[in-house]
Amino acid sequence: MEVIITKDRSEASQYVAEMFMNVLALKDRPVLGLATGGTPKGVYGRLIDAYTRGEITFHHALSFNLDEYLGLGKDDEQGYARYMKENLFQFVDFKSENTHIPNGKAPDPEKECARYSDLIHAQGGIDIQLLGIGDNGHIGFNEPAKTFKRHTHIVELDEKTREANARFFDKKDDVPFKAITMGIGEIMQSRRIVLLALGEHKAEIMERFLGTEDIDPELPASILHAHQHVTVVMDEAAAKNYRKGEKHEATD
Ligand code: GLP
């Protein structure tokens, strides 16, 4: 596992954006795995800037988002379809039929999970997957549990997760109790994974995650220790408690 520590969130976002730009430039049909939450916003900002300068295009790319709240659809303000539109899609030249997000409003959510899994497999898996990390170690919405789930599935959100995400809603009561998330198997089949962690509030979970190579479904991100090609990018604040191995400075 490669660990990159940058001096601030701006450098970290730039570093990750460049990883995505390389995949966009090198592949005929790049499949991007995208994330939501506060963390990736700077990455998307830099991708928009690069697109605006004419340096990259998304016209040949596909995307799969990690997750969506159950009950929220493409027009809901707090839904991830809206987030992606507002933070990336409306500013770049992705073909809308090539961007995929689980439909939280599907009449048969189980069927929607199976459809989403099949679609990822039909496209040959993901070339580069962007991940954030929850305070409890979740990736996507794969919450701490007794076992890992392989495929896209419905998950009951942890109270901690609902609390952490309440800031995106008017009040905590509005945060859905369930979500659809890509499974651990689908995330692990990505050819390359980049986990981005920004800010001091991520220091504790990053210390737990990087402090041991044991794989434990109670700390879902720990599965990444079993992947061949993971890059962890943190700003100094998130890396505050990280002591293992050497510090790598990002160069841009
Ligand atoms: C959310 C998302 C995750 C995200 C994580 C961290 O609940 N489902 O994909 O990585 O929590 O969010 P943030 O970046 O806002 O800290």
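**Ligand shell and sheets**

In this predicted model, an oxygen atom of the ligand sits 2.8 Å from a polar side-chain atom of N165. With the ligand taken on its own, 390 Å² would be exposed, and the protein buries 96% of that area. Two nitrogen contacts add to the picture. The side chain of D67 brings an N or O atom to 2.9 Å from a nitrogen atom of the ligand, while G140 uses its backbone, with an N or O atom 3.3 Å from a ligand nitrogen.

The shell around the ligand counts 13 residues, of which G38, T39, N165, R167 and K202 come nearest. By type, the shell breaks down into seven polar, three charged and three nonpolar residues.

Now for the sheets. One of them is open, has three strands in the order β4-β8-β7, and pairs in the antiparallel sense. Its edges are β4 (67-69) and β7 (153-156); each has a single partner strand, so one side of each goes without a neighbour in the sheet. On average, and with direction ignored, neighbouring strands here are turned by 25 degrees against each other. Between β4 and β8 (residues 178-181), the antiparallel pairing runs over three bridges. D67 turns up again at this point, standing opposite T181 in β8; this is the residue whose side chain has an N or O atom 2.9 Å from a ligand nitrogen. Helix α4 (residues 109-122) packs on this sheet, where it touches β7 and β8, and the helix direction makes about 125 degrees with that of β7.

The other sheet to describe is also open, but has seven strands, in the order β1-β10-β9-β6-β2-β3-β5, with parallel pairing. At its edges are β1 (2-6) and β5 (99-100), each of them paired on one side only. Within this sheet, β9 (residues 192-197) and β10 (residues 230-235) run parallel and are joined by five bridges. Across that pair, L196 stands opposite V233 in β10.

What does α4 lie across in the seven-stranded sheet? The helix crosses β3 (62-65) and β5, running at about 145 degrees to β3. Helix α4 therefore has a place in both descriptions, since α4 touches β7 and β8 of the three-stranded sheet and lies across β3 and β5, whose β5 is the edge strand at 99-100.

How values were computed
Residues are numbered from 1 along each chain as its sequence is written. This is a predicted model: local features need pLDDT of at least 70, side-chain atom pairs count only at pLDDT 80 or more; totals for chains, interfaces and linings use all residues. Side-chain values use heavy atoms; hydrogens and water are left out. A residue is near a molecule or strand if one of its heavy atoms lies within 4 Å of it. A polar contact is a pair of N or O atoms within 3.5 Å; within protein, one must be able to donate a hydrogen and the other to accept it, and residues adjacent in sequence count only if both atoms are side-chain atoms. Accessible areas come from the Shrake-Rupley method with a 1.4 Å probe; for residues, only the protein chains shown count as cover. Ala, Val, Leu, Ile, Met, Phe, Trp, Tyr, Cys and Pro count as nonpolar, Asp, Glu, Lys and Arg as charged, and the others, Gly among them, as polar. Two strands pair if DSSP finds at least two bridges between them. Helices (H or I, at least four residues) and strands (E, at least two) are DSSP runs, numbered from the N terminus. Axes are lines fitted to C-alpha atoms, for helices over the stretch in contact, and angles run from 0 to 180 degrees between N-to-C directions. Contact means heavy atoms within 4.5 Å.
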